[in-house]
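User: I would like to learn how to read the features of a structure, one at a time. Could we go through one together?

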Amino acid sequence: MTRYVIKRILLAILTVLLICIITFFLMNAIPGGPFNKEKALSPATIEALNARYNLDKPLVVQFFLYMKGLLKGDLGVSLKNGRDIVDILSESFPISCRLGLMAITVALICGTVLGSFAALMRNRLPDRIIIFFSTLFTAVPSFVLATLLLLVFSIKLGWVPVWSANSTNYVLPVISLAAYPMAYTTRLAKTSMLDALSQDYIRTAKAKGVKKWKVIFKHALRNSLLPVITYAGPQIAYIITGSMVVETVFTVGGIGSKFVSAISNRDYTMIMATTIFLATLMVVANLICDLLYKLVDPRIKFE
């Protein structure tokens, strides 16, 4: 177990390092720079800014300087407003984290319950209704759903106020973020539950006279959770960092909207910081989910 965890941590560090290398060099391969769009700046001013932020040095030197600062916990400053990126992330991430945790909680709980219920009611009306809506939400892009929800419930009906930092009304953003993962989890849970119900140990438990609810919750449901946990790992990290489109539609000042503006502004340091942050969350979430396998199914052995 310990050996496995150490191995996974080393692989996670290597993964983040590769992502840093790829992101840095691809980002700088695009023609132009962060100060080229500033028409009011003279060439001498742009040259001075490039020198200040080490953008006049060769790419390899820039990369090693950035990694040296990163190892010290220094993410740099934004090339557009000069603010410390740590301060920007500390302000925007709690918003995305709160929104993402609510969305993934709704998605996983509702998806697992609906999928299990659809499996138990296979080929009946409730099963058909659940699968219809799960297929619909899987096919509808998040930006379309977010726009429709905003138009209908906030503008036309006025039932839900538009999200703001003061009102912090998360209803519509949570629904927009949770719709797709909930639909996917529903289909995943149904397939997994049907597979679990067809196993020999379920038939043995029924033959022994074990109560139906105990067969479903203690045996079938527990063993059907592994695919859901596998899917939940990267999905949790993705949603917590914030959906770029949903945050843009609802003007939520989370890390996703900051990432979008950083790309459009060619803010190199901000792009690197958010990419590294997302990659780290991804690998940590995957590691935690792998370790949870042991709790769900004690038969699993780590090597």
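User: How many helices and how many strands does the protein have?

Analyst: Before counting, note that this is a predicted model, in which local features need pLDDT of at least 70 and side-chain atom pairs count only at pLDDT 80 or more, while totals for chains, interfaces and linings use all residues. Residues are numbered from 1 along each chain as its sequence is written, and side-chain values use heavy atoms, with hydrogens and water left out. Helices (H or I, at least four residues) and strands (E, at least two) are DSSP runs numbered from the N terminus; here the protein has twelve helices and zero strands.

User: What share of the residues is buried?

Analyst: A residue is called buried under 20% relative accessible area, exposed over 50%, and partly exposed in between, using a 1.4 Å probe and protein chains only. Of the 303 residues in the protein, 41% are buried. The accessible surface, from the Shrake-Rupley method with a 1.4 Å probe and, for residues, only the protein chains shown as cover, comes to about 17000 Å², and 68% of that belongs to carbon and sulfur atoms.

User: Is Ser 176 buried or exposed, and what is in contact with Ser 176?

Analyst: Ser 176, which lies in helix H7 (residues 171–197), counts as buried because its relative accessibility is 3%. Contact means heavy atoms within 4.5 Å, and, leaving aside neighbours within four places in sequence, Ser 176 is in contact with Ser 142, Leu 145, Ala 146, Leu 149, Val 246 and Phe 250. In addition, a polar atom of the Ser 176 side chain lies 2.9 Å from the backbone oxygen of Leu 172.

User: How many aromatic pairs are there, and how are the rings of Phe 93 and Phe 277 arranged?

Analyst: Rings of Phe, Tyr and Trp (its six-membered ring) pair if their centres lie within 6.5 Å, and planes under 30 degrees apart count as stacked, over 60 as edge-to-face and the rest as tilted. The count by this rule is seven aromatic pairs. In the pair of Phe 93 and Phe 277 the ring centres are 4.8 Å apart and the planes stand at 85°, so the pair is edge-to-face. Because Phe 93 lies in helix H4 and Phe 277 in helix H12, this pair ties together parts that are 184 residues apart in sequence. Phe 277 itself counts as partly exposed, at 25% relative accessibility. Elsewhere, Phe 24, Phe 25, Phe 63 and Phe 64 form one aromatic cluster.

User: Which helices supply at least two residues each to the nonpolar patch?

Analyst: Patches are made of residues with over 30% relative accessible area and no salt bridge (a side-chain nitrogen of Lys or Arg within 4 Å of a carboxyl oxygen of Asp or Glu); like charges are joined within 9 Å and nonpolar side chains (Val, Leu, Ile, Met, Phe, Trp, Tyr) within 5 Å. The nonpolar patch here is about 960 Å², and its residues include Leu 17, Phe 25, Leu 59 and Phe 64. Helix H1 (2–29) and helix H3 (59–71) each supply at least two residues, and H1 gives the most, with eight. Leu 17, found in H1, counts as partly exposed at 37% relative accessibility.

User: What is the phi of Asn 123, and where is Asn 123 found?

Analyst: Most residues other than glycine have a negative phi. Asn 123, although not a glycine, has a positive phi of about 65°, and is found in the loop between helix H4 (85–120) and helix H5 (125–139). Asn 123 counts as exposed, because its relative accessibility is 54%.

How values were computed
A polar contact is a pair of N or O atoms within 3.5 Å; within protein, one must be able to donate a hydrogen and the other to accept it, and residues adjacent in sequence count only if both atoms are side-chain atoms.
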